[in-house]
Amino acid sequence: MRIDILTLFPDMCNTVMSESIIGRAQKKGVIDVRCHQIRDYTYDKHNRVDDTVYGPGMGMLMMAEPIALCFEDLCEKLNKRPYFIYMSPQGRTLTQKRVKELSSYENIAILCGHYEGVDERFIEEFVDEEISIGDYVLTGGELPALVLADSISRMVPGVLSDNECFEKESHYNGLLEYPQYTKPAVWRGKNVPEILLSGHHANIEKWQKQQSLIRTKSKRPDLLNEPKLSKEDK
């Protein structure tokens, strides 16, 4: 899978995506993340990418043309048009379900906005989908883009050692993950649940499912409206 990020801060994005699991996956050739400097497509000597907004209002707005030229150049180099996502607080909130869907795409491009956002005409003309990582606003779209790129990348076959690494995690099946423990068996007087030391895999899996349901009801009861619970689960 290939992910292209259109940004004013490519070094910031490259640094994050070249580290840890995602960095190793890139070295193996499982995924390919590339960042593109929008300023390279400006048309004045000052490399300006923004200007004042029409009408009353504070701040600067990213101009349509530099972003359009950047994206069109990317399409030309790829010889195809990638699915184009704009990270925006006005987009639909990112979910694990949508991450799973996007991980099946061959190529995704992500636009990082800045300042007061992007000229609406560009969004109408080029953007396929707007995505938000939550109901709050950041100084730029780089962090949300990295969140999206990371969450998608780890779902691509070969990035993690086994599908079980994400299939039992929070949200994958609509529930929160069960509590987990590591050595030592007793830490500051607190014991690991005895069932986890029993070696009885069927009982352990049943306990994990129960704990997952209990935790979801306690922390995120709204999620219980999503999964189809069996009679036993209820």
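Let's start in the middle of the fold, where strand 5 and strand 6 run parallel and are joined by five bridges. What you're looking at is a predicted model, and its secondary structure comes to eight helices and nine strands. The protein has 234 residues, and buried ones make up 42% of them. Here's a tour, topic by topic.

**The big picture**

- Along the principal axes, the C-alpha atoms fill a box of roughly 70 × 45 × 35 Å.
- Take the contacts between residues at least 6 apart in sequence: 74% of those join residues that are at least 24 apart.

**The sheet**

- What order do the strands of the open sheet come in? Five strands line up as 2-1-6-5-7, and the pairing is parallel.
- Strand 2 and strand 7 (129-132) sit at the edges with a single partner strand each, so each has one side without a neighbour in the sheet.
- On average, and ignoring direction, neighbouring strands in this sheet are turned by 35 degrees against each other.
- Strand 1 also pairs with strand 6 in the parallel sense, again through five bridges.
- Ile108 of strand 6 is a handy landmark here: Ile3 stands opposite Ile108, and Tyr83 stands opposite Ile108 too.
- Helix 3, residues 64-78, lies across strand 1, strand 2, strand 5 and strand 6. Its direction is at about 155 degrees to strand 1.

**Strand 6, wrapped up on both sides**

- Why is strand 6 described as largely enclosed by the rest of the structure? Because six of its six residues are buried.
- Both of its faces are covered, with Asn107, Ala109 and Leu111 buried on one side, and Ile108, Ile110 and Cys112 buried on the other.
- Asn107 belongs to this strand, and its relative accessible area is 7%, which is under the 20% cut-off, so Asn107 counts as buried.
- A polar atom of the Asn107 side chain lies 2.8 Å from the backbone oxygen of Arg2.
- Setting aside neighbours within four places in sequence, Asn107 touches Arg2, Ile3, Asp4, Leu78, Lys80, Pro82 and Tyr83.

**The nonpolar cores**

- In soluble globular proteins, nonpolar side chains tend to be buried together.
- How many residues does the largest nonpolar core have here? It has 27, and the ones with the most contacts inside it are Ile3, Ile5, Ile31, Ile110, Leu148 and Ile152.
- Several elements chip in at least two residues each: strand 1 (2-7), helix 1 (10-17), helix 2 (20-28), strand 2 (32-37), strand 5 (83-93), helix 4 (96-102), strand 6 (107-112) and helix 6 (142-153).
- Helix 6 gives the most to this core, with five residues.
- Beyond its neighbours within four places in sequence, Ile152 is in contact with Met1, Ile3, Val99, Leu102, Ser103 and Ile108.
- Apart from this core there's another one, of 22 residues, including Leu6, Met62, Leu74 and Ile123.

**Helix 1 and its buried face**

- Which residues of helix 1 are buried? Pro10, Cys13 and Met17 are.
- Looking down the axis of helix 1, you'd find its buried residues within an arc of 70 degrees, so they line one face of the helix.
- Those buried residues pack against strand 1, helix 2, strand 2 and helix 6.

**A loop residue to look up: Thr42**

- Where is Thr42? You'll find Thr42 in the loop between strand 2 and strand 3 (50-52).
- Is Thr42 buried or exposed? It counts as buried, because its relative accessibility is 15% and the cut-off is under 20%.
- The Thr42 side chain reaches the backbone oxygen of Arg39 at 2.8 Å.
- That side chain also makes a polar contact with the side chain of Asn47, at 2.9 Å.
- Leaving out neighbours within four places in sequence, Thr42 is in contact with Asn47, Arg48, Val49 and Pro66.

Note on methods. Residues are numbered from 1 along each chain as its sequence is written. This is a predicted model: local features need pLDDT of at least 70, side-chain atom pairs count only at pLDDT 80 or more; totals for chains, interfaces and linings use all residues. Side-chain values use heavy atoms; hydrogens and water are left out. A nonpolar core is a set of buried Ala, Val, Leu, Ile, Met, Phe, Trp, Tyr and Cys residues joined through side-chain atoms within 4.5 Å. Buried means under 20% relative accessible area, exposed over 50%, partly exposed in between (1.4 Å probe, protein chains only). Helices (H or I, at least four residues) and strands (E, at least two) are DSSP runs, numbered from the N terminus. Contact means heavy atoms within 4.5 Å. Two strands pair if DSSP finds at least two bridges between them. Axes are lines fitted to C-alpha atoms, for helices over the stretch in contact, and angles run from 0 to 180 degrees between N-to-C directions. A polar contact is a pair of N or O atoms within 3.5 Å; within protein, one must be able to donate a hydrogen and the other to accept it, and residues adjacent in sequence count only if both atoms are side-chain atoms. The arc is that of the directions from the helix axis to the C-beta atoms.
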